[in-house]
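Dear colleague,

Please find below the structure that I am handing over to you. My findings follow directly after it.

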Amino acid sequence: GGTVALRKAEKLLPFGADIIVIAPEICPELKALPLTFRKREFQEEDLQGAFMAVAATNNSTLNHRIYELCTEQHIFINAVDDKENCGFLFPALVHENDITIGISTGGTSPVFAKFLRMMIEDEITESYLQTAAVLKRFRPVIQDRFRTEKQRKEAAEAILDFCLIDNTIPDDNEIHDLLERSAQAYENQNRNTAE
């Protein structure tokens with residue numbers, strides 16, 4: 001229920017996690033988040049139905065017991081600052097709109113992972129975010145218009161290249177025209193091959 005739990009909850013919330021915090025004391029910052037709270041000591045039954053658990057207590061014996069229970073029940077477990085009692089490690093995350101990048105050093109240097117995260121965050125420009133939004137918007141169009149996976153990949157790459165030229169995002173009509181030209185080229189190619 002402290003600042004470590006707060007950091008983990010803040011990492012998980014953007015992904016739609018339904019988080020239950022179980023702790024005898026809960027810090028005010030954590031209470032301010034849209035979470036479920038059980039203000040008491042951990043009980044083994046608390047793991048029923050869990051997909052993932054984070055053991056963030058200051059009691060290493062309890063953290064180890066939670067690790068054992070989770071391992072037995074095939075629940076993903078992260079015991080904070082205790083690599084040996086982790087089934088997974090939290091990466092340093094870059095999360096902007098639909099772009100998520102995880103950076104891990106395998107638990108050897110969280111400080112370096114944080115440094116890399118900050119460098120990558122500086123590289124994600126507004127143009128990149130707009131490009132990601134365009135590709136998301138046109139993905140159903142590409143899947144509907146192009147028959148093969150190869151054609152779909154090439155169409156998406158064409159949109160990506162188009163968006164990255166001079167960092168200017170084309171309007172939807174320009175992208176529709178680009179996709180139509182690509183589709184016509186494939187149809188002509190198929191027609192020529194059939195002849």
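I begin with F115, which is found in helix 4. Please bear in mind throughout that this is a predicted model. F115 has a relative accessible area of 42% and is therefore partly exposed, since this value falls between the 20% limit for buried residues and the 50% limit for exposed ones.

F115 also belongs to a nonpolar patch on the surface, together with F112 and M119. The three residues have about 300 Å² of accessible area together.

**Aromatic pairs**

How many aromatic pairs does a search of the whole structure find? The search finds five. I describe two of them here, beginning with F76 and F88. The ring centres of F76 and F88 are 6.4 Å apart and the ring planes stand at 85 degrees, so this pair is edge-to-face. An angle over 60 degrees is what places a pair in that class.

The pair of F76 and F88 links distant parts of the chain, as the two residues are 12 residues apart. F76 is in strand 4 (residues 76-79), while F88 is in the loop between strand 4 and strand 5 (92-96). Are these two residues buried or exposed, or something in between? F76 counts as partly exposed, because its relative accessibility is 43%. F88, by contrast, is buried, with a relative accessible area of 18%.

The second pair returns us to F115, whose partner is F112. The centres of these two rings are 5.9 Å apart and their planes are at 20 degrees, so the pair is stacked. Both residues are in helix 4 (residues 110-123); because they are three residues apart there, about one helical turn separates them. F112 counts as partly exposed, at 42% relative accessibility.

Returning to F76 and F88, I should add that these residues form one aromatic cluster with F51 and F90.

**The surroundings of I75**

I75 lies in the loop between helix 3 (60-72) and strand 4. I75 counts as buried because its relative accessibility is 7%. Which residues does I75 contact, leaving aside its neighbours within four places in sequence? They are L47, A50, F51, M52, A53 and C70. F51 in this list is also a member of the aromatic cluster mentioned above. As for A156, its C-alpha atom is 37 Å from that of I75, and the two residues are 81 residues apart in sequence.

**The surroundings of G106**

G106 is found in the loop between strand 6 (99-103) and helix 4. G106 counts as partly exposed, at 30% relative accessibility. Not counting residues up to four places away in sequence, G106 touches K83 and L89. G106 and F88 are 18 residues apart along the chain, and their C-alpha atoms are separated by 9.4 Å.

**A buried lysine**

K8 is found in helix 1 (residues 3-12). K8 is buried yet has no salt bridge. Which side chain of opposite charge is nearest to K8? It is D81, at a distance of 6.6 Å. A salt bridge would require a side-chain nitrogen within 4 Å of a carboxyl oxygen. Leaving aside neighbours within four places in sequence, K8 is in contact with V54, N78, V80 and F90. One of these contacts, F90, belongs to the aromatic cluster with F51, F76 and F88.

Yours faithfully

How values were computed. Residues are numbered from 1 along each chain as its sequence is written. This is a predicted model: local features need pLDDT of at least 70, side-chain atom pairs count only at pLDDT 80 or more; totals for chains, interfaces and linings use all residues. Side-chain values use heavy atoms; hydrogens and water are left out. Helices (H or I, at least four residues) and strands (E, at least two) are DSSP runs, numbered from the N terminus. Buried means under 20% relative accessible area, exposed over 50%, partly exposed in between (1.4 Å probe, protein chains only). Lys and Arg count as positive and Asp and Glu as negative; His and the chain ends are not counted. Contact means heavy atoms within 4.5 Å. Rings of Phe, Tyr and Trp (its six-membered ring) pair if their centres lie within 6.5 Å; planes under 30 degrees apart count as stacked, over 60 as edge-to-face and the rest as tilted. Patches are made of residues with over 30% relative accessible area and no salt bridge: like charges are joined within 9 Å, nonpolar side chains (Val, Leu, Ile, Met, Phe, Trp, Tyr) within 5 Å. Accessible areas come from the Shrake-Rupley method with a 1.4 Å probe; for residues, only the protein chains shown count as cover.
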